[in-house]
2 protein chains.
Amino acid sequence: MKRRSSCPAACALDLAGDKWTLLVVRDLLRGRHTFKALLESDEGIPTNILADRLKRMARAGLVVAEPYQERPVRYAYALTDKGRDLEYVLGAVARWGKKHIRGTKVPAEFREDARKS
Amino acid sequence: MKRRSSCPAACALDLAGDKWTLLVVRDLLRGRHTFKALLESDEGIPTNILADRLKRMARAGLVVAEPYQERPVRYAYALTDKGRDLEYVLGAVARWGKKHIRGTKVPAEFREDARKS
DNA sequence: CTAGTCACTTGCAAAATGCAAGTGAGTGCG
DNA sequence: CGCACTCACTTGCATTTTGCAAGTGACTAG
């Protein structure tokens, strides 16, 4: 894995700087842990992209996949400490969106987290 | 412009959720205002991408281009209030990168802003 | 007249994205 | 057993975005 620079922001953006990764984090934080549950968000992430993001995030150490049943094996995805810490990035992004993009609404699951907006 | 959902995070990511936009914000914050100065960062943004990002950011109301000389007309890019507010997002991203990606170093221009890391 | 700078634009190949359809392992029903 | 259905993906393919290199136009300095 090549690094563009030694800037922490640039390196962080290499891991989480796209339109979907932070939304997956958002959904994991709001308690959606299965592939199907993650698919059901309003934004409608395509299945192949979700599969790819989960793999990348696992490689980057942001999530872990743990089997919640055998036969057939089914995985539940959970944030690692590293992934969970993206909550503060997500919070900053959401706060910015709420302030500057009119018509946006914080999902019910995050209402109390939005007090600082 | 179509909106993926009404979530403030999703909408914000549509505007700034890519590998380059926040780095341009970082460079504008550190006082680099011309096309050339923005090109000179360590990450090496390609010229066409920079031109495209500046256009998008202008359309999104994040930056304004003001001519700093006539003959030939040259523009200096400056953040709007909306764009400057991305500083908090950038800060959260940088803090996360500094904490979780080893070997990263906050650029000198931001050292005092990094106290909360 | 020539070289050089700045701010781009253009062309094109490679990679990422998005959509739809398919697959495989299993469960529940009659 | 046969058929329908679910869940978690994978595959194929068209479109879009990226990245690199080269080119352009306006102008300045020598």
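Student: Which residues in helix 2 of chain A are buried?

Tutor: In this predicted model, the buried residues of helix 2 of chain A are A:Thr21, A:Leu22, A:Leu23, A:Val24, A:Val25, A:Arg26, A:Asp27 and A:Leu28. A residue is called buried if 20 or more other C-beta atoms lie within 10 Å of its own, and each of these residues is counted as buried.

Student: What makes helix 2 of chain A "mostly covered"?

Tutor: Helix 2 spans residues 21-29 of chain A, and 8 of its 9 residues are buried, so that the helix is described as mostly covered. For chain A as a whole, 32% of the 117 residues count as buried. Beyond the end of helix 2 comes A:Gly31, with a positive phi near 95 degrees.

Student: How do you know that the size of chain A agrees with a compact globule?

Tutor: For 117 residues, a compact globule would have a radius of gyration near 13 Å, and chain A, at 15 Å, agrees with that. Along its principal axes, the C-alpha trace of chain A spans about 45 × 40 × 25 Å. Chain A holds 6 helices and 2 strands, and from the N terminus on they follow the order α-α-α-α-β-β-α-α.

Student: Why are the two copies said to be related as by a two-fold rotation axis?

Tutor: A turn of 180 degrees, with a shift of 0.0 Å along the axis, lays chain B on chain A with an RMSD of 0.0 Å. The two copies are therefore related as by a two-fold rotation axis. In chain B, the C-alpha of B:Asp18 is nearest the axis, 2.3 Å from it. The same surface serves both copies, since 100% of the contact residues of chain B recur in chain A.

Student: How many residues of chain B are in contact with chain A, and which helix supplies the largest share?

Tutor: Contact requires C-beta atoms within 7 Å, and by that rule 39 residues of chain B are in contact with 39 residues of chain A. Helix 1 (8-16), helix 2 (21-29) and helix 6 (86-100) of chain B each supply at least two residues to this side, and the largest share, 12 residues, comes from helix 6 of chain B. By class, the side of chain B that touches chain A has 20 nonpolar, 7 polar and 12 charged residues.

Student: What makes a set of residues a nonpolar core, and which residues have the most contacts inside the largest one?

Tutor: The residues must be buried, be of the nonpolar kinds allowed, and be joined through C-beta atoms within 7 Å. The largest nonpolar core has 52 residues, and those with the most contacts inside it are A:Ala9, A:Leu22, A:Val93, B:Ala9, B:Leu22 and B:Val93. Helix 1, helix 2, helix 4 and helix 6 of chain A, together with helix 1, helix 2, helix 4 and helix 6 of chain B, each supply at least two residues of this core. Leaving aside residues up to four places away in sequence, A:Val93 touches A:Leu22, B:Ala9, B:Ala12, B:Leu13 and B:Val89.

Student: Which residues come nearest to DNA strand D?

Tutor: A residue is near a strand if its C-beta atom lies within 6 Å of it. Of the 16 residues around DNA strand D, A:Thr34, A:Lys36, A:Thr47, A:Asn48 and A:Ala51 come nearest. The elements giving two or more residues to this surface are helix 3 (35-39), helix 4 (47-59) and strand 2 (74-79) of chain A, together with helix 4 (47-59) of chain B.

Terms used. Residues numbered from 1 in each chain as written. Chains lettered and ligands numbered in written order. Predicted model: local features only at pLDDT ≥ 70, side-chain atom pairs only at ≥ 80, totals over all residues. Helix = DSSP H or I, 4+ residues; strand = E, 2+ residues; numbered from the N terminus. Contact = placed C-beta atoms within 7 Å. Nonpolar A, V, L, I, M, F, W, Y, C, P; charged D, E, K, R; others polar. Least-squares fit on C-alpha atoms with pLDDT ≥ 70 in both. Rg over C-alpha atoms; globule rule 2.2 N^0.38 Å. Buried ≥ 20, exposed ≤ 12 C-beta atoms within 10 Å, placed from the backbone.
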